[in-house]
Amino acid sequence: MEKKNTPTEKLVKQYIRYLKLERNYTVNTIEAYQHDLEWLLRYCKENSLKVLEIKLEDLENFATTFHEHGMSPKSQARILSGVRSFYRYLLLDGFIEQDPTELLESPQLGKHLPEVLSTEEVDILEASIDLSKPEGQRNKAIIEVLFSCGLRVSELINMKLSQLYLEEEFVRVMGKGNKERLVPISKRAIKELQLWFLDRVHLNIKPGEEDYVFLNRRGHHLTRVMILIMIKRQAEEAGIKKTISPHTLRHSFATALLKGGASLRAIQDMLGHEDISTTEIYTHIDTTTLRQEILEHHPRNIKKF
């Protein structure tokens, strides 16, 4: 059977397999791409269009239907991004000769800097923690590691002891799509981790949980929700009025590096962004600035004399 006659169901199955095996995406990411693609498949079915014969004009008409659903520009852009990914795969695998999404425009998204905390505010947040509580030092270490390393919360909760190289001052992080990167860790964060480890040894750790860095009092590794609740509560106790989350500390990390003089490319590497355009929300500075060592710019590593 010629590729141009391949049934849509088979195309989708092969695309999902491509995302899983070749792109190495997580289950959640694959489900998101599949959900985005379903919008297009429904539109094609309702308008008697064939997926392999669709043209730019058809896709532009498809995009105009988003308004009927009251969809935000961000949601529209995400769906169109998923559609582009699908057609890039079809082109790559020889199902089509030209990508119809090549000139497809996405809605303009206003670029704005997310909520961030200053270094002083992070200090206030940590100082508000009651270290007499069993989870006190753990929570302080969590906040410091998030701020000093710029990790995603999913990366933090899945961090393993075997990924820490504290003598060398870096950690091995498994990011989105199971992509690994090395991130420098400050002496301040190392100190807070080592203090947490003094408490950690007294836990009754459950089988299979031994390698996780951060655990709850029952010996299980933490969840995203636990981290979110902890940080929001701590912000209230610290008197911080900003609406913050674990991701706020990641944004604060990037902003602190930028203010310290680090290049956009260096920040991209540390954050694990696949596309530098994602990193550009932090600045409009010249991206050709010479890269400098991350540890020279982050406020936790600047030596005070």
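Biologist: Which residues of helix H3 are buried?
Modeller: This is a predicted model, and helix H3 covers residues 56-64. Seen down the axis of H3, the buried residues fall within an arc of 140 degrees, so they line one face of the helix. Those residues are Asp-58, Leu-59, Phe-62 and Ala-63.

Biologist: What covers the buried residues of H3?
Modeller: Look for elements in contact with that face. The cover includes two helices, one spanning 27-46 and one spanning 73-92. They are helix H2 and helix H4.

Biologist: Where is Phe-86, and is it buried or exposed?
Modeller: Phe-86 has its place in helix H4. Its relative accessible area is 0%. Buried means under 20%, so Phe-86 is buried.

Biologist: Which residues does Phe-86 contact, leaving aside its neighbours within four places in sequence?
Modeller: Start with distance along the chain. Asp-36 is 50 residues from Phe-86 in sequence, yet their C-alpha atoms are 9.8 Å apart in space. The contacts of Phe-86 are Leu-11, Tyr-15, Leu-37 and Val-51.

Biologist: Which residues have the most contacts inside the largest nonpolar core?
Modeller: That core has 45 residues. Helices H5, H6, H7, H8, H9, H10 and H11 and strand E2 each supply at least two of its residues. The residues with the most contacts inside the core are Val-145 and Phe-214.

Biologist: Which element gives the most to this core?
Modeller: Several elements contribute, among them helix H5 (119-127) and helix H8 (187-200). The top giver spans residues 136-149 and provides seven residues. That element is H6.

Biologist: What does Phe-214 touch, not counting residues up to four places away in sequence?
Modeller: Phe-214 is one of the two residues with the most contacts inside the largest core. Its partners include Arg-138, Ala-141, Ile-142 and Val-145. The others are Leu-156, Leu-193, Trp-196, His-220, His-221 and Leu-222.

Biologist: How many residues are in the second, separate core?
Modeller: Phe-86 belongs to this second core. Its members also include Ile-30, Leu-40 and Tyr-43. The count is 32 residues.

Biologist: What is the order of the strands in the open sheet?
Modeller: The sheet has three strands with antiparallel pairing. Strand E1 (164-165) and strand E3 (180-184) are the edge strands, since each pairs on one side only. The order is E1-E2-E3.

Biologist: How many bridges join E2 to E3?
Modeller: E2 covers residues 170-174 and runs antiparallel to E3. Arg-172 stands opposite Leu-182. Met-174 stands opposite Glu-180. The number of bridges is five.

Biologist: Which residue in the turn between E2 and E3 has a positive phi?
Modeller: E2 and E3 form a hairpin with five residues between them. One residue in the turn has a phi of about 65 degrees. That residue is Gly-177.

Biologist: Where is Ser-48, and is it buried or exposed?
Modeller: Ser-48 is found in the loop between H2 and H3. Its phi is positive, about 55 degrees, although Ser-48 is not a glycine. Its relative accessible area is 70%. Exposed means over 50%, so Ser-48 is exposed.

Biologist: Where is Glu-169 found?
Modeller: Glu-169 is a residue other than glycine with a positive phi, near 65 degrees. Its place is in a loop. The loop is the one between E1 and E2.

Biologist: Which residues does Asp-123 touch, not counting residues up to four places away in sequence?
Modeller: Asp-123 lies in helix H5. It is partly exposed, with a relative accessible area of 31%. The C-alpha atom of Asp-123 is 9.1 Å from that of Glu-144, 21 residues apart along the chain. The residues Asp-123 touches are Arg-188 and Arg-300.

Biologist: How many disulfides does the structure hold?
Modeller: A disulfide is a covalent bond between the sulfur atoms of two cysteines. Cys-44 is buried at 3% relative accessibility, and Cys-149 is buried at 0%. Still, the number of disulfides is zero.

Biologist: What share of the chain is buried?
Modeller: The chain has 13 helices and three strands. It has 305 residues. The buried share is 46%.

Definitions and conventions
Residues are numbered from 1 along each chain as its sequence is written. This is a predicted model: local features need pLDDT of at least 70, side-chain atom pairs count only at pLDDT 80 or more; totals for chains, interfaces and linings use all residues. Side-chain values use heavy atoms; hydrogens and water are left out. Two strands pair if DSSP finds at least two bridges between them. Helices (H or I, at least four residues) and strands (E, at least two) are DSSP runs, numbered from the N terminus. Buried means under 20% relative accessible area, exposed over 50%, partly exposed in between (1.4 Å probe, protein chains only). The arc is that of the directions from the helix axis to the C-beta atoms. Contact means heavy atoms within 4.5 Å. A disulfide is a pair of cysteine sulfur atoms within 2.5 Å. A nonpolar core is a set of buried Ala, Val, Leu, Ile, Met, Phe, Trp, Tyr and Cys residues joined through side-chain atoms within 4.5 Å.
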